[in-house]
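Trainee: I would like a close look at a single part of this protein. Please take me through it step by step.

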Amino acid sequence: MSTETWRAGRFWWDCATTANSALRAVVFDLDALTDIECDGHRVAYNEAFAEHGLDFQWSVARYRQLLALPDERQRVAAELRRRGVATECDVLTKLLADEIYATKTMLFDELVADSDLSPRAGLLDFVIDAVRADVQLAVVTTGHRRWAEPLVRQLAGDGMVATVVTAEDVTKPAPDPEAHRQALWELGVCPQDAIAIAGSACGLRAANAAGLATIVVTGEGTPDIRSAMAVRPDYAGDHPLRVADCRRMHGLWWRDHRPTAA
C-alpha cells in the first residue's frame with residue numbers, strides 16, 4: 001500500500017491507482033436486504049396516521065410513488081395536502097407532518113424489534129456464496145444501531161457481515177456517500193475493489209458518489225437505470241446472482257469506467 005502523505009478529508013486509496021481491480025467486498029444498503037420501506041416504514045406510517053385520527057392508509061403503490069420525494073416529512077405533507085388535511089396554513093401542515101413523523105419513528109423502532117421482516121428472495125444464498133469466496137460484506141443504513149444490527153443478523157445470518165455502518169457513525173445521511181466510504185475504510189478496501197448493492201434510488205446515488213459500481217435490486221421489474229451496473233428484481237430467479245456474476249460485471253464495468261489519474 002502506498003505510504004504517500006494522507007490529506008484531511010481523503011482516504012488512502014485517493015492517492016492510489018488500481019491497475020487490476022479485483023472484487024474483494026460487497027456493500028449493501030439495508031433496502032437491498034429487505035423491503036424495509038414498504039414492509040417497515042409504510043406499515044409504521046399507517047399506524048401513525050391512525051394514532052393521529054387520520055382515516056387513510058398508504059398502499060404499496062402509493063408509497064412507492066411518494067419515495068420520489070427524498071424527505072419523509074415531505075411525503076407526509078404531500079399526502080396531507082392531497083387529502084385536504086390542514087390545508088388552511090402551510091405551517092400547520094408542516095407541524096402536523098412533523099408530529100406524524102415523530103410518532104412513526106417511535107412506532108417503527110418497536111415494529112422492527114418485534115416484526116419478522118423477510119430477506120429478499122435469494123439473498124441468503126448470495127451471502128453464503130460471497131463468504132465462501134472470501135468476499136467481505138458490509139451494510140450501510142440511515143437507521144439506528146440498536147435495531148439495525150439485530151435486523152442485519154436476522155436477514156443475512158449471524159457473523160456473515162463484517163461491519164454495519166449506522167446513523168451514529170456518520171454526520172451526513174444518504175444520499176451523501178459518507179456511510180459507504182466509512183464501510184470501505186473499515187473493510188480496508190478501495191472503491192475499485194468493491195461493488196455496492198442498493199435497494200433504493202437514494203442508496204444508488206450514495207454508492208455512485210462513493211465511486212462504487214452498483215447493482216440495483218428493485219423488488220419488482222428491471223427498469224433501465226443507466227448509472228447502475230445491473231438491475232434485478234431480487235437475487236433469485238432463473239439466473240440467481242452469484243459472486244462469479246459480480247466479478248464478471250465488475251471487471252467489465254471498470255474496463256469502461258477506468259478512473260483517470262489526477
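Trainee: In which helix is the place of H180?

Mentor: H180 sits in helix α8, which covers residues 178-187. Keep in mind that this is a predicted model.

Start with the residue itself. H180 has a relative accessible area of 3%. Buried means under 20%, so H180 counts as buried. Now look at what it touches. Leaving out residues up to four places away in sequence, H180 meets V27, V140, A196, G203, A206, A207, A210 and L212.

Next, widen the view to the helix. In α8, the buried residues are A179, H180, A183, L184 and L187. Look down the axis of α8: these buried residues fall within an arc of 140°, so they line one face of the helix. There is a general reason behind such patterns. An α-helix has 3.6 residues a turn, so residues three or four places apart point the same way.

What lies over that face? The cover on the buried residues of α8 includes strands β1, β2, β3 and β4, together with helix α9 (201-209).

Now check the two sides of α8. Between β3 (163-165) and α8 there is a loop, and P175 is found in it. A cis peptide bond joins A174 to P175, with omega at about 15°. On the other side, α8 is followed by G188. The phi of G188 is positive, near 70°.

Compare this with another helix, α6 (residues 123-132). Its buried residues include L123, F126, V127 and A130. Viewed down the axis of α6, the buried residues fall within an arc of 100°, so they too line one face of their helix. Among the elements covering them are β1 (25-29), β2 (136-140) and β4 (194-198). Those three strands also appear in the cover of α8. The cover of α6 further includes the helices α1 (30-33), α7 (145-156) and α10 (243-256).

Just after α6 comes D134. D134 belongs to the loop between α6 and β2. Its phi is positive, near 60°, in a residue other than glycine. D134 has a relative accessible area of 67%. Exposed means over 50%, so D134 counts as exposed. H180, by contrast, is buried.

One more part shows how two helices meet. Helix α4 (residues 72-82) packs on helix α5 (residues 90-114) at an angle of about 125°, and their axes are 9 Å apart. That angle makes α4 oblique to α5. The crossing of α4 past α5 is right-handed. From α4, the residues in this contact are E72, R73, V76, A77, L80 and R81. From α5, they are T93, L96, A97, D98, I100, Y101 and K104. Sorted by class, this contact holds seven nonpolar, one polar and five charged residues.

Finally, step back to the whole chain. The protein chain has 10 helices and six strands. Buried residues make up 45% of its 262 residues, and H180 is one of those buried. Take the contacts in the chain with a separation of 6 or more: 64% of them come from residues 24 or more positions apart.

Notes. Residues are numbered from 1 along each chain as its sequence is written. This is a predicted model: local features need pLDDT of at least 70, side-chain atom pairs count only at pLDDT 80 or more; totals for chains, interfaces and linings use all residues. Side-chain values use heavy atoms; hydrogens and water are left out. Axes are lines fitted to C-alpha atoms, for helices over the stretch in contact, and angles run from 0 to 180 degrees between N-to-C directions. Helices (H or I, at least four residues) and strands (E, at least two) are DSSP runs, numbered from the N terminus. Angles under 35 degrees count as roughly parallel, over 145 as roughly antiparallel, 65 to 115 as roughly perpendicular and the rest as oblique. A crossing is left-handed if the near helix is turned anticlockwise from the far one by less than a right angle, and right-handed if clockwise. Contact means heavy atoms within 4.5 Å. Ala, Val, Leu, Ile, Met, Phe, Trp, Tyr, Cys and Pro count as nonpolar, Asp, Glu, Lys and Arg as charged, and the others, Gly among them, as polar. Buried means under 20% relative accessible area, exposed over 50%, partly exposed in between (1.4 Å probe, protein chains only). The arc is that of the directions from the helix axis to the C-beta atoms.
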